[in-house]
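Work through the exercises below with the sequence and the 3D structure open. Try each task before reading its solution.

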Amino acid sequence: MKITFASLGAILRFPPWGMILLITLISSIGFLTLYSAAGGDLYPWAAKQMIRYSAGFVIMVGLVYVPPRFWLDNAYLFYGISFVLLCVVEVIGFIGMGAQRWIDLYVFQLQPSELMKLALILTLARYFHMSEPEDILKIRNLITPLTMVMAPVLLVMKQPDLGTAIILLISAGVIFFLSGVRIWKFLIVLALISASVPILWSFLHDYQKNRVLIFLDPERDMLGKGYHIAQSKIALGSGGLWGKGFMQGTQSYLNFLPEKQTDSIFSMISEEFGFMGGLGLLSLYGLVLLYGLKVTLEQTTAFGRLVAQGLTMVFFFYLFINIAMVMGLLPVVGIPLPLISYGGTAMLTLLISFGILFSLDRHAQQKLPKQAMGYF
């Protein structure tokens, strides 16, 4: 193809630079907070996070030019690779903080469950894109996608990683609902889950049971098992309206606030920048969600709509669960704050997700066939 100044200009114009700037702004807030969490030092968190973002940034912008047909054709392949990696974790996975969730690649530790969140959305979107509307109404046709969901969920719960398992189930539920699965089938599943609570409870680890008990009774053991959430609430409230100032948060500096670089990072931001700072950050997240909704509404294919809505809803539930968790409105389940919390695979997966959203935005009017190439 001959490259002209006009075509080159069109290529450079297309990436939604406003959204990319917004994502960079949110990530930069994360870099500053990690710098502050380390007592004014780029190490051990901020510098690594910036390197990861830089690598992910290149991938994200490059994915703008990958057409949705590529994701449709290779969805099952990505699912298969992610599932195999989850199995590898069970055999040679790195153990840290009592969980076996990572594969040590020496340059960084890969968390396959993060990749599975993306692969599951693509796989379910492909399955329902290929299905006729009347087929989706038949229960027997839901057995295959349900198996695709439950197999990785069980592996992730075994690690154990209850938070990621919940996100996988929620994202799958969103895709099922948007595909046209009737609401009464969801009610049956919810009834079965409710009836199984005593059995599921017996499979939880002791620390997971304690988190639920502390959630139900916050005063139960504030100096022991409830210490994390108690300190998180203190940090949230102590910031007041405008906060104590950058690098002036006493709860984090004096190490009262556990996991300040990951799960509790929103509490630290609220302590340093107050209610207005937290509200400002939520406003930036709101703009990201509006963009995801806009891309969804512009899609002309079932695959595009399901992927765009699935990625947007996963982003929303990350945000909602993390903030509700640090406020004590939900049990602590270890969900990071998107683009802010320290974590390499989570950051990379999010940036890949944005790259796919940008691709769907660029190719919104392109048609996709009902018969895709497949490797499985």
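**Exercise 1. Which residues are linked in a network of salt bridges?**

Solution. Before starting, note that this is a predicted model, in which local features need pLDDT of at least 70, side-chain atom pairs count only at pLDDT 80 or more, and totals for chains, interfaces and linings use all residues. Residues are numbered from 1 along each chain as its sequence is written, and side-chain values use heavy atoms, with hydrogens and water left out.

Step 1. Begin with the general idea: side chains of opposite charge can pair when their charged atoms come close. The rule used here asks for a side-chain nitrogen of Lys or Arg within 4 Å of a carboxyl oxygen of Asp or Glu. By this rule there are 7 salt bridges.

Step 2. Take Lys294 and Glu298, which form a salt bridge with their closest N and O atoms 3.6 Å apart. Both belong to helix H14 and are 4 residues apart, which means about one helical turn separates them. Helices here are DSSP runs (H or I, at least four residues), as strands are (E, at least two), numbered from the N terminus.

Step 3. Lys294 also meets Asp361 in a salt bridge, at 3.2 Å from N to O. This pair links distant parts of the chain, since Lys294 is in helix H14 and Asp361 is in helix H16, 67 residues apart.

Step 4. Put the pairs together: Lys294, Glu298 and Asp361 make up the network.

**Exercise 2. Decide whether each member of the network is buried, partly exposed or exposed.**

Solution. Step 1. Fix the cut-offs: buried is under 20% relative accessible area, exposed is over 50%, and partly exposed is in between (1.4 Å probe, protein chains only).

Step 2. Asp361 counts as buried because its relative accessibility is 12%. Glu298, at 31%, counts as partly exposed, and so does Lys294, at 34%.

Step 3. Apply the cut-offs to another salt bridge, Asp135 with Lys138, whose closest N and O atoms are 3.9 Å apart. Asp135 has a relative accessible area of 27% and is therefore partly exposed. Lys138 is partly exposed too, at 34%.

**Exercise 3. Which helix gives the most to the nonpolar patch?**

Solution. Step 1. State the rule: patch residues have over 30% relative accessible area and no salt bridge, with like charges joined within 9 Å and nonpolar side chains (Val, Leu, Ile, Met, Phe, Trp, Tyr) within 5 Å. The areas come from the Shrake-Rupley method with a 1.4 Å probe, and for residues only the protein chains shown count as cover.

Step 2. Find the patch, which covers about 1,200 Å² and includes Ile139, Phe177, Trp184, Leu187 and Leu200.

Step 3. Helices H8 (162-179) and H9 (183-195) each supply at least two of its residues. H9 gives the most, with 8 residues.

Step 4. Check one member: Leu187 lies in helix H9, and at 52% relative accessibility Leu187 counts as exposed.

Step 5. Compare with the record. The unreviewed UniProt entry places "transmembrane region" at several stretches, including 162-179 and 186-204; positions are in the numbering used here, feature names are shortened, and annotations may be inferred rather than shown by experiment. Over residues 162-179 the chain is 100% helix and 0% strand, with its end C-alpha atoms 26 Å apart.

**Exercise 4. Describe the largest cavity and the largest pocket.**

Solution. Step 1. Rolling a probe the size of a water molecule over the atoms shows where empty space is left. On a 1 Å grid over the protein atoms alone, a cavity is a set of points where a 1.4 Å probe fits but cannot get out; a pocket is an open set with protein on both sides within 12 Å along at least five of seven lines; lining residues have an atom within 4 Å of a point. Points are joined across faces, edges and corners, and a volume is the space filled by probe spheres set on them.

Step 2. The structure holds 4 cavities of 30 Å³ or more, and the largest has about 170 Å³ of space. Its lining has 18 residues, with Leu311, Val314, Phe315, Leu350 and Ser353 nearest the centre. H16 gives the most to this lining, with 6 residues.

Step 3. The largest pocket has a volume of about 1,800 Å³. Of its 44 lining residues, Met150, Leu169, Val189, Ile193 and Leu200 are the closest to its centre.
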